[in-house]
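Q: Please take me slowly through one part of this model, its interior, and say what is found there. I am a first-year student, so explain each term as you go.

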Amino acid sequence: MKFVISREALLKPLNLVAGVVERRQTLPILSNVLLVLDGKQLSITGTDLEVELVGRAQLDKKPGSDGEVTVPAKKLADICKSLPEGCEIEISQDDQRLIVRSGRSRFTLSTLATTDFPAVEDNPDGTGFSIKQGDLKRLIDRTSFAMAQQDVRYYLNGMLWEIDAGQFRVVATDGHRLAICTLPTTIGSADKAQVILPRKGVMELAKLMMNESEEVQIVIGSNHIRATTTDFTFTSKLVDGKFPDYERVLPRSSNKTVFGSRNDLRQAFSRASILSNEKYRGIRLLLSTGTVQIIANNPEQEEAEETVSVDYEGDSLEIGFNVSYLLDVLSVLSGDTVKISLSDGNSSALLEESVESDSLYVVMPMRL
């Protein structure tokens with residue numbers, strides 16, 4: 001195997017793939033990337049057995065001599081980053097070593113047998129559709145913050161993708177808050193399809209959505225999901241579990257509706273949170289006609305108080321929330337005005353944009 005490639009052409013796919021590769025691996029081969037040269041196309045594969053990413057690069061000049069090799073991902077990426085911009089990199093295989101040359105620099109890297117490199121399922125069969133990268137990125141960006149991180153309910157450490165007649169919906173929840181974003185679509189699906197993507201798969205897929213106007217091809221199989229563009233092929237295992245019935249969580253009987261400036265509320269919550277309990281992050285909202293009072297205090301008997309003008313008429317209400325959850329929602333919403341629907345001090349709040357929107361957020365109250 002031998003070829004010459006420009007630093008930039010190699011670095012773009014290598015950086016994406018290196019993100020999938022875990023630093024600390026039980027199997028040494030999983031710290032490596034697989035380089036395969038076929039004519040003028042170089043493909044770079046990284047995997048952690050849950051997520052696999054294949055990045056592709058075209059050789060600028062003459063085709064090299066074909067071959068395949070696995071090398072340490074982080075070291076190769078660091079070498080390429082540290083070389084000067086615009087330089088050419090020559091990569092060649094010498095017995096059990098990979099030699100990287102550029103200008104007066106020369107690096108010799110160890111390799112491992114390509115036969116040991118794990119392969120994910122070849123071609124998952126199942127529901128296939130295409131979607132604009134910008135649309136998919138929006139769906140993920142608007143909901144991914146609500147995924148659980150290391151919950152024992154493993155199916156919450158991921159994101160539900162639901163394909164139904166005429167719509168593609170993604171849902172994330174950690175048991176305390178819920179985020180839903182829906183995209184009207186022409187995907188033809190005879191029956192409702194639901195799959196859960198693991199957290200890492202969601203985060204890596206979002207990073208790949210760089211060309212908003214270009215399409216990405218998605219295939220959802222029984223155990224895997226695959227996303228393909230001209231530059232990469234992403235494959236992820238699906239979480240085997242049943243996602244909770246999120247429809248039951250949506251508050252139906254809210255009788256108090258508050259309209260407020262999204263920016264004013266966000267700044268007030270942010271200031272009040274400074275003196276909230278560092279562990280529980282609780283704040284109290286006192287709602288009355290025309291205003292909402294935000295109160296936070298902590299075990300050191302310190303207190304923050306903010307008053308924000310809102311558009312509300314009705315009975316007064318006191319309710320507690322985790323301020324971090326409210327700030328997360330206000331950060332992803334757009335528009336100047338936010339609509340908050342409440343019913344009483346023990347019921348969840350429904351947050352959405354004041355105009356028709358594709359996103360809904362539910363935040364459970366806290367007892368303070």
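A: The second largest cavity is lined by Gln-133, Leu-208, Met-210, Asn-211, Glu-214, Thr-229, Asp-231 and Phe-232. A cavity here is a set of points on a 1 Å grid over the protein atoms alone where a 1.4 Å probe fits but cannot get out, and a lining residue has an atom within 4 Å of such a point. This is a predicted model, in which local features need pLDDT of at least 70 and side-chain atom pairs count only at pLDDT 80 or more, whereas totals for chains, interfaces and linings use all residues. Residues are numbered from 1 along each chain as its sequence is written, and side-chain values use heavy atoms, with hydrogens and water left out.

The lining of this second largest cavity is mixed, with 3 nonpolar, 3 polar and 2 charged residues. In this sorting Ala, Val, Leu, Ile, Met, Phe, Trp, Tyr, Cys and Pro are nonpolar, Asp, Glu, Lys and Arg are charged, and the others, Gly among them, are polar. The second largest cavity holds about 40 Å³ of space, where a volume is the space filled by probe spheres set on the grid points, which are joined across faces, edges and corners.

The structure holds 2 cavities of 30 Å³ or more, and the largest cavity has a volume of about 140 Å³. Its lining is made up of 14 residues, and those nearest the centre of the largest cavity are Val-258, Leu-285, Val-292, Ile-340 and Leu-342. Two or more lining residues come from each of α5 (262-273), β18 (282-288), β21 (317-322), β22 (337-342) and β23 (349-353). Such elements are DSSP runs numbered from the N terminus, helices being H or I runs of at least four residues and strands E runs of at least two. Unlike the mixed lining described above, the lining of the largest cavity divides into 14 nonpolar, no polar and no charged residues.

Thr-337 belongs to strand β22, one of the elements that line the largest cavity. With a relative accessible area of 29%, Thr-337 is partly exposed, because that label covers values between buried (under 20%) and exposed (over 50%), computed with a 1.4 Å probe on protein chains only. Not counting residues up to four places away in sequence, Thr-337 touches Phe-259, Gly-260, Arg-262, Glu-353 and Ser-354, a contact being heavy atoms within 4.5 Å. The C-alpha atom of Thr-337 is separated by 32 Å from that of Ile-187, which is 150 residues apart from Thr-337 along the chain.

The packed side chains come next. In soluble globular proteins, nonpolar side chains tend to be buried together. In this model the largest nonpolar core has 97 residues, and those with the most contacts inside it are Leu-35, Leu-136, Trp-161, Phe-168, Leu-205, Ile-218 and Phe-269. A nonpolar core is a set of buried Ala, Val, Leu, Ile, Met, Phe, Trp, Tyr and Cys residues joined through side-chain atoms within 4.5 Å. Leaving aside neighbours within four places in sequence, Leu-136 is in contact with Ile-131, Trp-161, Phe-168, Leu-205, Met-209, Val-216 and Ile-218. A second, separate core of 11 residues includes Val-171, Ile-180, Val-239 and Val-362.

Burial can also be followed along a whole strand. In strand β3 (residues 41-47), 6 of the 7 residues are buried, so β3 is largely enclosed by the rest of the structure. On one side of β3 in sequence, strand β2 (residues 32-38) pairs with β3 in the antiparallel sense over 5 bridges, where pairing requires that DSSP finds at least two bridges between the strands. One of the bridge partners here is Thr-45 in β3, which is matched with Leu-34, and the hairpin of β2 and β3 has 2 residues between the strands, with Gly-39 in the turn at a positive phi of about 65°. β3 is also joined by 7 bridges to strand β4 (residues 51-58), again running antiparallel, and Gln-41 stands opposite Gln-58 in β4. The hairpin of β3 and β4 has 3 residues between its strands. Leu-49, in the loop between β3 and β4, has a phi near 75°, a positive value in a residue other than glycine, and at 40% relative accessibility Leu-49 counts as partly exposed.

Key. 1 Å grid on protein atoms, 1.4 Å probe; cavity = no way out; pocket = protein on both sides within 12 Å on 5 of 7 lines; lining within 4 Å.
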